[in-house]
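Grab a coffee and work through these short exercises with the viewer open. Try each task yourself before you read the solution.

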Amino acid sequence: ASSTSSSSSFSSSVSLSRRSRSSRTTCASAASSSSARPAFRAYGPNKPSPPPNFMCFNLKKTLRVPVEEPASLRASSPGASPQSLEQWVQSPANVMGVVFTADKVNQLQPDLWRIQVLRLPLLEWELSPEFDLNILPPEASPKPKGVRMISEQLRLSGEAGVAKLPPGFDKMPIWTHIDTTLYIERGAGKPTAVCSDLDICIAADIPGMMRMIPFFQDAGEGAISASIDLVASGAQRRVQNAYTAWVAQDAAAAAAAASEGGGT
């Protein structure tokens, strides 16, 4: 295609747009072409809109993964240590391979990652979406010490096989805007958590025959939500282990540097 279930280890809140079928079938007509959109920015009220007549699949979701920091860090100012969770998430390389363990993850450039979802069931078919995720500058994050990432390129890579795609999906134009922010949540009486706010809009020029399938739009949004829950399954263990290992490596490196400095 050309580009134009929660586990007990994490909590998620979901908001799916639920309008009447007649108003949900296509996107708003006040759309600008993707080529006219400026490169990644803090969009605010100028958030890009899909092309008119494209069917839209919208999802807003927050994932929250509790992670425990070492006792020595908890006793100091929260988030101030160079070994804090805030510092850990600042490096996407620490996070990408942990969050997307079931998928293919490749770093294309220092601030550009390619993620492939190997299997995304959709009714009787199967998709294998692939998207490029851009890491924005720190000032673009709406959360303090957060990391904001945006994708405007999604393809159906064919990893699952063209025969498994719905009819007409192999050449179907796709418009994408995925906006996510990774951040650390701290609060009295609540465990510290690595959180991710997701705001997803995937729009496509769905073939006419597919638009006639009852609740096809709802099924598409449900498939996107389920794929995120699948990735998040077991996230607490993966994130905790990765963060703990990173702290140990950083402490060992600091001790080695101090030892070398003392011997000179």
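**Exercise 1. Find which residue of S10 stands opposite glutamate 185, then work out how S9 and S10 are connected.**

Solution. Start at glutamate 185: its opposite number in S10 is alanine 193. Next, zoom out to the whole pair. S9 and S10 run antiparallel and share 13 bridges. Now look at the link: two residues sit between the strands, making a hairpin. One residue in that turn, glycine 189, has a positive phi of about 80 degrees. Keep in mind that you're looking at a predicted model.

**Exercise 2. Follow S10 to its pairing with S2 and decide how enclosed S10 is.**

Solution. S10 covers residues 190–204, and S2 covers residues 55–66. Twelve bridges hold these two together in the antiparallel sense. To check the register, pick leucine 59: its bridge partner in S10 is isoleucine 200. Then go for burial, where the cut-off is under 20% relative accessible area. Eleven of the 15 residues of S10 pass, so the strand is largely enclosed by the rest of the structure.

**Exercise 3. Identify the strands that pair with S8, and say whether S8 is enclosed or open.**

Solution. Take S7 (residues 129–135) to begin with: it pairs with S8 in the antiparallel sense over six bridges. A handy landmark here is asparagine 134, bridged to isoleucine 150 in S8. Now turn to S9 (residues 174–187), which is antiparallel to S8 and joined to it by five bridges. There, serine 151 stands opposite isoleucine 178 of S9. Finally, count burial along S8 (residues 147–156): nine of its ten residues are buried, so S8 is largely enclosed by the rest of the structure.

**Exercise 4. Check the length of helix H6 against expectation, then describe its cover.**

Solution. H6 has 17 residues (216–232). At 1.5 Å a residue it should span 24 Å, and its end C-alpha atoms are 25 Å apart, so the two values agree. For cover, twelve of the 17 residues are buried, which leaves H6 mostly covered. Among the buried ones are Phe216, Ile224, Ile228 and Val231, but also Gln217, Glu221 and Asp229. After the helix comes glycine 234, with a positive phi near 80 degrees.

**Exercise 5. Put the pieces back into the whole chain.**

Solution. Count the elements: the chain has seven helices and ten strands. Of its 264 residues, 44% are buried. Its accessible surface comes to about 13,100 Å², with 56% of that belonging to carbon and sulfur atoms.

How values were computed: Residues are numbered from 1 along each chain as its sequence is written. This is a predicted model: local features need pLDDT of at least 70, side-chain atom pairs count only at pLDDT 80 or more; totals for chains, interfaces and linings use all residues. Side-chain values use heavy atoms; hydrogens and water are left out. Helices (H or I, at least four residues) and strands (E, at least two) are DSSP runs, numbered from the N terminus. Buried means under 20% relative accessible area, exposed over 50%, partly exposed in between (1.4 Å probe, protein chains only). Accessible areas come from the Shrake-Rupley method with a 1.4 Å probe; for residues, only the protein chains shown count as cover. Two strands pair if DSSP finds at least two bridges between them. The expected span of a helix is 1.5 Å times one less than its number of residues.
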